[in-house]
Amino acid sequence: MTPRQPHRQRGAALLLLLAVLGLGAASLLISAFGRNTGEAERQQRTLATLTQAREALLGFSATQGRLPRPAASALDGRERATDCANDAECSGFLPWVALGVAGVDAWGKLLRYSVTPEMARAPVVSFSAIANRVVLTRNSRGDFVYVAGQEQCDVSAQCLPVVLFSQGKEHHGTAASGVTQINTARGNIDEASNDSASRRFVARPATDNAALAGGAFDDMLSWITLPTLYQRMRAARNLP
């Protein structure tokens, strides 16, 4: 299905998502399971971990003049040794050792990370580099609409430089031991899409309702906008 561009009025839920664009949508995704205090606490800890990782990414960009490449592997949190040849190679696990942060969420799963290849090579040439990650959600009819970015990313209509996320308690994910969690759910196509995505990601409120469009969902996403990234790099005088 081709995603539709958002209209001026898409309902309160989408407007709230747009309002927190610069900070990411993670805080919207922790409400559905708030009845369980222990689970809500894990979600809050994961949100804090994502926020810390986001700040570490901005700090890395300020000192290195670029964003880091993904982790070398599930067991090696250093950056992969070579430049990314394509979007898929620039999508994997958060390089927690390179950033000096926790690499796992509150469920012991490795945080996922996807960066535009051009943004992971120094120097980042601001007048020509194109950030190409996008985030979508679903409207009340179940259709995809853009939360961040658009169908075509170019120098005049930039998308996102980077997206990071937790895969939540259920279904997909990789433990710190490197063991991949088997997806036992059916119909959770948005979670499955995030698990294999390299450019287009889905952010939705958490739900265990498999009948909704996209199925059950508990991924928690965050991202950095290009103006925020460039502002931090320019302040450090590390952006040509």
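In the predicted model, Ile 189 is placed in helix α4, which spans residues 189-196. Ile 189 and Ala 216 are separated by 27 residues in sequence, and their C-alpha atoms are 8.3 Å apart in space. Beyond its neighbours within four places in sequence, Ile 189 is in contact with Arg 138 and Gly 214. Arg 138 also takes part in a second arrangement, in which its charged end sits over the ring of Phe 144, 4.0 Å from the ring centre.

Within α4, the residues Asp 190, Glu 191 and Asn 194 are buried. The buried residues of α4, viewed down the helix axis, fall within an arc of 100° and therefore line one face of the helix. These buried residues pack against a series of strands, namely β4, β5 (134-138), β6 (144-148), β7, β8 and β9.

Helix α4 belongs to a protein chain with 5 helices and 9 strands. In sequence order, the elements of the chain follow the pattern α-α-β-β-β-α-β-β-β-β-α-β-β-α. Of the 240 residues in the chain, 53% are buried. The accessible surface of the chain comes to about 10,900 Å², and carbon and sulfur atoms contribute 53% of that area. Among contacts with a separation of 6 or more, 64% join residues that are 24 or more positions apart.

In soluble globular proteins, nonpolar side chains tend to be buried together. In the present model, the largest nonpolar core has 36 residues, and Leu 57, Met 119, Leu 229 and Tyr 230 are those with the most contacts inside it. At least two residues of this core are supplied by each of α2 (37-64), α3 (96-99), β4 (112-115), β7 (162-166), β9 (220-224) and α5 (226-235). Helix α2 provides the largest share of the core, with 7 residues. Another core, of 11 residues, lies apart from this one and includes Val 135, Val 147, Leu 160 and Ala 197.

The surroundings of Met 119 link several regions of the chain. Leaving aside neighbours within four places in sequence, Met 119 is in contact with Arg 66, Leu 67, Val 124, Ala 129, Ile 130, Ala 131, Pro 161, Leu 226, Leu 229 and Tyr 230. Ala 120 is found in the loop between β4 and β5 and is buried, with a relative accessible area of 2%. Not counting residues up to four places away in sequence, Ala 120 touches Arg 66, Leu 67, Pro 68, Arg 69, Asp 83, Cys 90 and Val 115. Ala 120 and Pro 68 are 52 residues apart in sequence, with a C-alpha to C-alpha separation of 5.5 Å.

Arg 66 and Leu 67 also appear among the contacts of Ser 61, a residue of helix α2. Ser 61 is buried, with a relative accessible area of 0%. With residues up to four places away in sequence excluded, the other residues touched by Ser 61 are Leu 229, Arg 232, Met 233 and Asn 238.

Two of these contacts of Ser 61, Leu 229 and Met 233, are buried residues of helix α5, as are Leu 226 and Tyr 230. The four residues cover an arc of only 90° around the axis, so they are on the same side of α5. An α-helix has 3.6 residues a turn, so residues three or four places apart point the same way. The cover over the buried residues of α5 includes α2 and β9. The face turned away from the buried side of α5 carries the exposed residues Pro 227, Gln 231 and Ala 235. Arg 237 follows α5 and has a positive phi, near 55°.

The count of aromatic pairs comes to 1. This pair is formed by Phe 165 and Phe 201 and is tilted, with 5.8 Å between the ring centres and 55° between the planes. Phe 165 lies in strand β7 and Phe 201 in strand β8 (residues 200-202), so the pair ties together parts that are 36 residues apart in sequence. Both Phe 165 and Phe 201 are buried.

Key
Residues are numbered from 1 along each chain as its sequence is written. This is a predicted model: local features need pLDDT of at least 70, side-chain atom pairs count only at pLDDT 80 or more; totals for chains, interfaces and linings use all residues. Side-chain values use heavy atoms; hydrogens and water are left out. A nonpolar core is a set of buried Ala, Val, Leu, Ile, Met, Phe, Trp, Tyr and Cys residues joined through side-chain atoms within 4.5 Å. Buried means under 20% relative accessible area, exposed over 50%, partly exposed in between (1.4 Å probe, protein chains only). Contact means heavy atoms within 4.5 Å. Rings of Phe, Tyr and Trp (its six-membered ring) pair if their centres lie within 6.5 Å; planes under 30 degrees apart count as stacked, over 60 as edge-to-face and the rest as tilted. A charge sits over a ring if NZ of Lys or CZ of Arg is within 6 Å of the ring centre and within 35 degrees of the ring normal. The arc is that of the directions from the helix axis to the C-beta atoms. Accessible areas come from the Shrake-Rupley method with a 1.4 Å probe; for residues, only the protein chains shown count as cover.
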